[in-house]
Amino acid sequence: QVIKCKAAVMWEANKPFSIEEVEVAPPKAHEVRIKIVATGICRTDDHVVSGALVAPFPVILGHEAAGVVESVGEGVTSMKPGDKVIPLFVPQCGECSSCLSTKGNLCSKTDLGPVSGFMPDGTSRFTCKGKIIHHFIGTSTFTEYTVVHETAVAKIDSGAPLEKVCLIGCGFSTGYGAAVKTAKVDPGSTCAVFGLGGVGLSAVMGCKAAGASRIIAVDINSDKFPKARELGATDCINPKDFKKPIHEVLIEMTGQGVDYSFEVIGRTETMAAALACCQNNYGVSVIVGVPPSAQKITFDPMLLFTGRTWKGSVFGGWKSKDSVPQLVADYMKKKFHLDPLITHKLPFTKINEGFDLLRTGK
């Protein structure tokens with residue numbers, strides 16, 4: 001049956017979230033309805049609010065969360081009501097070319113770019129005030145209940161603390177995986193991480209776990225430096241402190257550029273700088289931040305001709321349904337810590353305050 005609950009609805013761009021009563025339809029075949037217990041706030045959600053990432057309105061945003069299965073649709077065998085789960089904005093259907101390849105993880109069933117705003121069958125499970133509300137990248141976690149496809153949810157350890165492992169649904173996995181899985185950082189190497197939000201800090205953690213000898217953290221907000229150092233950064237630099245372009249500063253610091261660089265902001269200027277700062281022959285630069293929809297990038301092709309590798313990473317390169325339960329198990333074994341990534345805990349109704357904290361770099 002239909003569940004009535006609270007959700008944060010975004011009616012139009014550049015407006016606050018509106019806490020509304022919504023109706024959440026029951027799951028159809030191969031779908032799962034989840035009671036959301038905890039959800040993180042991610043810059044990608046804010047990109048939709050600002051219009052940098054184009055998605056249809058009205059919409060229920062949110063994609064980094066953990067919860068408990070409330071009910072399952074016909075044919076769902078991998079989980080049952082009461083199971084703890086993490087929704088997956090990159091699903092894993094197990095049948096498309098990316099799922100079948102050992103090299104890829106971006107399942108063709110994902111609703112990333114261009115965003116349709118619907119379930120895989122082309123319909124929505126949310127209504128509010130008689131209007132259809134769009135889903136966001138197959139997850140929509142800014143609501144007390146959501147419906148996802150069975151391919152877009154992972155069952156996790158029943159003992160996992162949901163208010164912490166929700167970060168494995170996006171931020172932690174994305175940054176950590178960009179370092180250990182996409183870039184495959186080597187022991188003893190030099191890394192630069194541009195952007196020290198939750199994902200950037202997770203990239204720092206990944207570089208450290210991979211054994212990098214030098215990790216240079218770059219951000220225009222120096223308040224982020226103590227936390228970056230705590231998590232493994234060996235140097236912290238603020239581009240505002242230098243007259244010359246930041247890639248030149250990094251090349252001077254390292255002699256020949258870094259072995260690996262990570263752009264974890266989503267700005268074309270920093271993507272170009274991250275490419276330019278890595279070693280000219282075997283340096284690898286990874287784009288982790290979501291690029292703005294309307295912008296193009298211009299760069300000197302000589303940067304690539306000499307041998308650099310430029311690549312992107314979605315969800316840290318992890319095959320989601322296989323990897324998320326394993327990452328949760330690793331967290332339970334204390335192989336990494338999530339507490340340093342959590343700055344505030346707010347009740348759901350204060351979601352707008354949460355976004356204000358994000359936008360002010362707090």
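Which residues does I168 touch, not counting residues up to four places away in sequence? In this predicted model, I168 touches I86, S173, F315, V324, L327, V328, Y331, F336 and L338.

**Nonpolar cores**

I168 also belongs to the largest nonpolar core, which has 83 residues. Together with V165, F172, V185 and F262, I168 is among the members that touch the most other members of this core. Helix α5, residues 198-209, gives the most to the core, with 6 residues. At least three residues of the core come from domain 1 (3-171 + 317-360), and at least three come from domain 2 (184-312). Separate from this core is a second one of 13 residues, including F194, I237, V258 and C278.

**The second largest pocket**

The volume of the second largest pocket is about 300 Å³. Its lining consists of 14 residues, and those closest to the pocket centre are K103, G104, N105, T182 and G317. Two of the elements that supply the lining are α4 (171-183) and β15 (309-312), with at least two residues from each. The lining divides by class as follows.

| Class of lining residue | Count in the second largest pocket |
|---|---|
| Nonpolar | 2 residues |
| Polar | 7 residues |
| Charged | 5 residues |

Where does this pocket lie with respect to domain 1 and domain 2? The second largest pocket lies between them, because domain 1 (3-171 + 317-360) and domain 2 (184-312) both give residues to its lining. These two domains also each contribute at least three residues to the largest nonpolar core.

Note on methods. Residues are numbered from 1 along each chain as its sequence is written. This is a predicted model: local features need pLDDT of at least 70, side-chain atom pairs count only at pLDDT 80 or more; totals for chains, interfaces and linings use all residues. Side-chain values use heavy atoms; hydrogens and water are left out. A nonpolar core is a set of buried Ala, Val, Leu, Ile, Met, Phe, Trp, Tyr and Cys residues joined through side-chain atoms within 4.5 Å. Buried means under 20% relative accessible area, exposed over 50%, partly exposed in between (1.4 Å probe, protein chains only). Helices (H or I, at least four residues) and strands (E, at least two) are DSSP runs, numbered from the N terminus. Domain bounds come from an automatic or database domain assignment. Contact means heavy atoms within 4.5 Å. On a 1 Å grid over the protein atoms alone, a cavity is a set of points where a 1.4 Å probe fits but cannot get out, and a pocket is an open set with protein on both sides within 12 Å along at least five of seven lines; lining residues have an atom within 4 Å of a point. Grid points are joined across faces, edges and corners, and a volume is the space filled by probe spheres set on the points. Ala, Val, Leu, Ile, Met, Phe, Trp, Tyr, Cys and Pro count as nonpolar, Asp, Glu, Lys and Arg as charged, and the others, Gly among them, as polar.
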